[in-house]
Amino acid sequence: MSGRVQWLGLTGFALGVTSVLLGATGVGAVLCLWYPSLLTTPALRDVYDMRLIRWIIKAGLIAGFLCGVASLLIKRRKAMGLTGAGLTTLATLMGGSQVEVSTPVRPSDHLGLDWFLINLLILATLFVPIEALFARLPEQRVFRKGWTTDLAHFAVSHLLVQATVLLTLVPAAIFFRWAVSPSLQHAVAAQPAWLQFIEILVIADLTQYTTHRMFHAVPWLWRFHQVHHSSVCLDWLAASRLHLADIVVTRAVGFIPVYVLGFATAPTYAYLIFVSFQAIWIHANVRFLFGPLRYLLATPQYHHWHHAAESAAVDKNFAVHLPVIDWVFGTYYLPGDRWPVRYGLEGDPVPEGYARQLIYPFSRSGP
Ligand SMILES: [Zn+2]
Ligand SMILES: [Zn+2]
C-alpha cells in the first residue's frame, strides 16, 4: 500500500472517530439541557458558565459534522462518517446548543451524564492521540477486543457518580467518627498544601496496596477483582473495567484515613485529580519506560506487569503510585525494559459484556 493511501486511510479513520465522539457527546449534552435535574450533577451545575457550555456544544456539533463529512469523502468504509454526521444532525434537530433550561433546576436523584461526557471527551482527546503516536503495541486498534464492555464500565461508573460518592464517604463517617480528633485534624490541615498532597498520596497508596492485595488473596474478593484482570488488551479505556463493588470498597477504605486525619479540601481534590489520571495512565498502551523515574512512580510498564499472564508476575505490583511499597513488602516485579507478552487470566474465566461481568462474582462458573 502506498504511503499516500495509508495516510488517507488513517486520516479518514481519525476524522470518523472524532465525528462519532463529538456526535455522541453532542446528543448527550443536549439531553442534559433538556433534563438537567435528572441527568446533571449539582456540584458541576454550580460551576458551569452556561454561555461557555453552549458555545462548546455548538462548536463541537459543527466540528463533528464537518469531520463526519470529511471522513465520508476520503474513507472507503463509510459507517463511521455516516454515524458521526447522523449523530450531530440528530443533536441539532433536538435543539442543539439553544435548548432552554427551565430554572430553577430542582434537586433530585440523578445520573451524572454530564460527568460522564466531560470525562469521556477529555480522556479520549488526551489518550487516543498519545496511544496512536507512542503505542507500545502499534497494531492494537482503538476499537480492540472488549472495548464496548470497557466503555460500558466507564459509562456506568460515571453515571452512578451520586451513588458511588455517597458509598465512598458514608462508611468512614459512620464507622470512624470515634477516631476523629479535632486538634489533630487542625494540625494536619494547617500544613502546607504540597506536604498534605504527598502525605495523602503515601497514605492512600498504603491503603490501596492493602485493599488490592486482599482482593487478590481472599477467594471471594478475587472473583470481583478478576473482572479487572480479564482484559487481554490494555489501554486507557481498560482501566475502567472494574466491578462496582471493587470501585466502592477500594475508594471507601482509602477514604477512611483521609477522613480521620482531616486533610484540607484543596490537597484532597488535587489528589483525587491525580489518582484518576494516574490510574488510567498506568493502563495506557504507550511505550515510555521513564528511566530511573520508574522506580519512584508507577508507570504503564510497571502496572502492565500486574496484568501479565506470566507466572513470575502473578500477585506482583499492587501499588498504584509508589513501587517502593511493593519493594518493601516483597511483591515488586520489573524485569528491566521487558514488557509482558500476554495479558489476562488463565483460561479466560470471566465472560465479556457489562451485565455478565456484574453478576460474574455471584455465579457458579469459573474457579
Ligand atoms: Zn489486581
Ligand atoms: Zn489494572
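Helices are taken here as DSSP runs of at least four residues, numbered from the N terminus. In this predicted model, helix α15 spans residues 323–328 and contains D326.

The surroundings of D326 were examined in some detail. Although D326 is buried, this residue forms no salt bridge. The nearest side chain of opposite charge belongs to R213 and lies 6.6 Å away, whereas a salt bridge is counted only within 4 Å. A polar atom of the D326 side chain is instead found 2.9 Å from the backbone nitrogen of A319. Apart from neighbours within four places in sequence, the residues in contact with D326 are Y209, Y302, N317, F318, A319, T331 and Y332. A319 therefore appears both in this contact list and as the partner whose backbone nitrogen lies within the 3.5 Å limit of a polar contact.

A second site of interest is the zinc ion (ligand 1). Five histidines, H212, H216, H225, H229 and H306, coordinate this ion, each through its NE2 atom, at 2.1 to 2.2 Å. Along the chain, these donors follow the spacing H-x3-H-x8-H-x3-H-x76-H. Two of the donors, H212 and H225, are 13 residues apart and link distant parts of the chain, with H212 in helix α10 (residues 193–217) and H225 in helix α11 (residues 219–229). H212 has a relative accessible area of 11% and is therefore classed as buried; H225, with a value of 3%, is buried as well. The model also contains a zinc ion (ligand 2), which is 6.0 Å from the zinc ion (ligand 1).

Note on methods: Residues are numbered from 1 along each chain as its sequence is written. Chains are lettered from A and ligands numbered from 1 in the order in which they are written. This is a predicted model: local features need pLDDT of at least 70, side-chain atom pairs count only at pLDDT 80 or more; totals for chains, interfaces and linings use all residues. Side-chain values use heavy atoms; hydrogens and water are left out. Buried means under 20% relative accessible area, exposed over 50%, partly exposed in between (1.4 Å probe, protein chains only). Lys and Arg count as positive and Asp and Glu as negative; His and the chain ends are not counted. A polar contact is a pair of N or O atoms within 3.5 Å; within protein, one must be able to donate a hydrogen and the other to accept it, and residues adjacent in sequence count only if both atoms are side-chain atoms. Contact means heavy atoms within 4.5 Å. Donors are N, O and S atoms within 2.8 Å of the metal (3.2 Å for Na, K and Ca); water is not among the atoms, so sites may look incomplete.
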